[in-house]
Amino acid sequence: MNKTIVALDFSTREQVLDFLKGFDEPIYVKIGMELTYGCGLDIVREVKEMGHHIFLDLKLHDIPNTVKGGMKNLAKLGVDIVNLHCAGGIEMMKAAMEGLNEGAQDGKRPLCIGVTILTSTSQEIMNNELGIPGTVLERVVQYAKNAKEAGLDGVVCSVHEAKAIHEACGNDFLTVTPGIRLADNSSDDQKRVATPAYAKEQGCDHIVVGRSITKSENPQQTYWDIEAMMR
Ligand code: C5P
């Protein structure tokens with residue numbers, strides 16, 4: 001299974017097909033809200049039929065009953081990973097797992113990972129704007145422990161927290177890390193960034209890479225270069 005998950009942050013089906021036609025073997029892709037709201041869930045089915053692995057990044061966060069129903073329907077799509085916000089709490093996360101188990105296809109449910117603190121949030125924003133005390137690392141590890149207690153398979157975090165999460169929750173607990181930038185890239189809106197090489201050193205299970213690949217001059221080459229750095 002590839003370690004690099006490319007974020008298909010496009011708005012149209014044409015852009016997606018144009019991007020994917022450069023790959024002659026299955027890769028791991030992330031379909032998020034931009035593409036889903038632009039094309040509907042048909043794009044998920046189409047990319048899956050092409051043989052690619054899919055992380056469906058819709059970040060559910062609602063009352064437990066609503067999240068359970070939503071997850072049940074997402075499980076029916078047969079995607080590989082889905083996610084939610086850990087901030088919804090343990091009861092919501094447990095309900096999500098119930099929904100996924102109920103909707104599982106052929107006895108196989110998608111993996112479920114929880115978003116801890118977004119990689120676009122800095123310590124200052126977390127403390128002063130959101131009013132959440134403590135360090136980012138403390139909150140992220142607390143959210144990861146909650147996710148584990150609720151039966152989730154792992155979390156989304158920044159590279160800088162992956163090691164502490166594996167120490168607290170075990171090495172089998174997945175760490176999926178966005179906020180990846182190559183040495184010569186701009187950080188854009190991301191605050192807690194790191195290179196693929198550092199992600200590997202920190203033991204991240206998967207990295208999520210969007211603009212560093214999709215906006216590069218040769219996206220396919222950049223994808224495989226990054227994948228090689230992670231192995
Ligand atoms: O372009 P870039 O590499 O910054 O894209 C990162 C992707 O990962 C985006 O699709 C974003 O929605 C997603 N993501 C993130 N931080 C999180 C969770 C998801 O950047 N905590």
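## How H7 and H8 pack

Helix H7 (residues 136-149) and helix H8 (residues 159-169) have axes that come within 10 Å and cross at roughly 40°. That angle makes H7 oblique to H8, and the crossing as H7 passes H8 is right-handed. Keep in mind that this is a predicted model.

Who does the touching? On the H7 side you'll find Val136, Leu137, Val140, Val141, Ala144, Lys145 and Lys148. H8 answers with His160, Glu161, Ala164, Ile165, Ala168 and Cys169. Sort the contact by class and you get nine nonpolar residues, one polar and three charged.

## The largest pocket

Now for the pockets. The largest one has a volume of about 710 Å³. Its lining takes in 31 residues, with Asp9, Lys30, Asp57, Lys59 and Gln190 lying nearest the centre. Elements that give two or more residues to this lining are helix H2 (33-39), strand E3 (53-60), strand E8 (206-209) and helix H10 (211-214).

Which element gives the largest share of the lining? That's E3, with three residues. As for chemistry, the lining of the largest pocket splits into 13 nonpolar, nine polar and nine charged residues.

## The second largest pocket

Next in line is a pocket with a volume of about 180 Å³, the second largest. It is lined by 13 residues, and those nearest its centre are Lys48, Leu77, Gly78, Val79 and Lys108. By class, the lining of this second largest pocket has six charged residues, four polar and three nonpolar.

Key
Residues numbered from 1 in each chain as written. Predicted model: local features only at pLDDT ≥ 70, side-chain atom pairs only at ≥ 80, totals over all residues. Heavy atoms only, no water. 1 Å grid on protein atoms, 1.4 Å probe; cavity = no way out; pocket = protein on both sides within 12 Å on 5 of 7 lines; lining within 4 Å. Points joined across faces, edges and corners; volume = space filled by probe spheres on them. Helix = DSSP H or I, 4+ residues; strand = E, 2+ residues; numbered from the N terminus. Nonpolar A, V, L, I, M, F, W, Y, C, P; charged D, E, K, R; others polar. Axes fitted to C-alpha atoms, helices over the stretch in contact; angles between N-to-C directions. Parallel < 35°, antiparallel > 145°, perpendicular 65-115°, else oblique. Left-handed = near helix turned anticlockwise from the far one by under 90°. Contact = heavy atoms within 4.5 Å.
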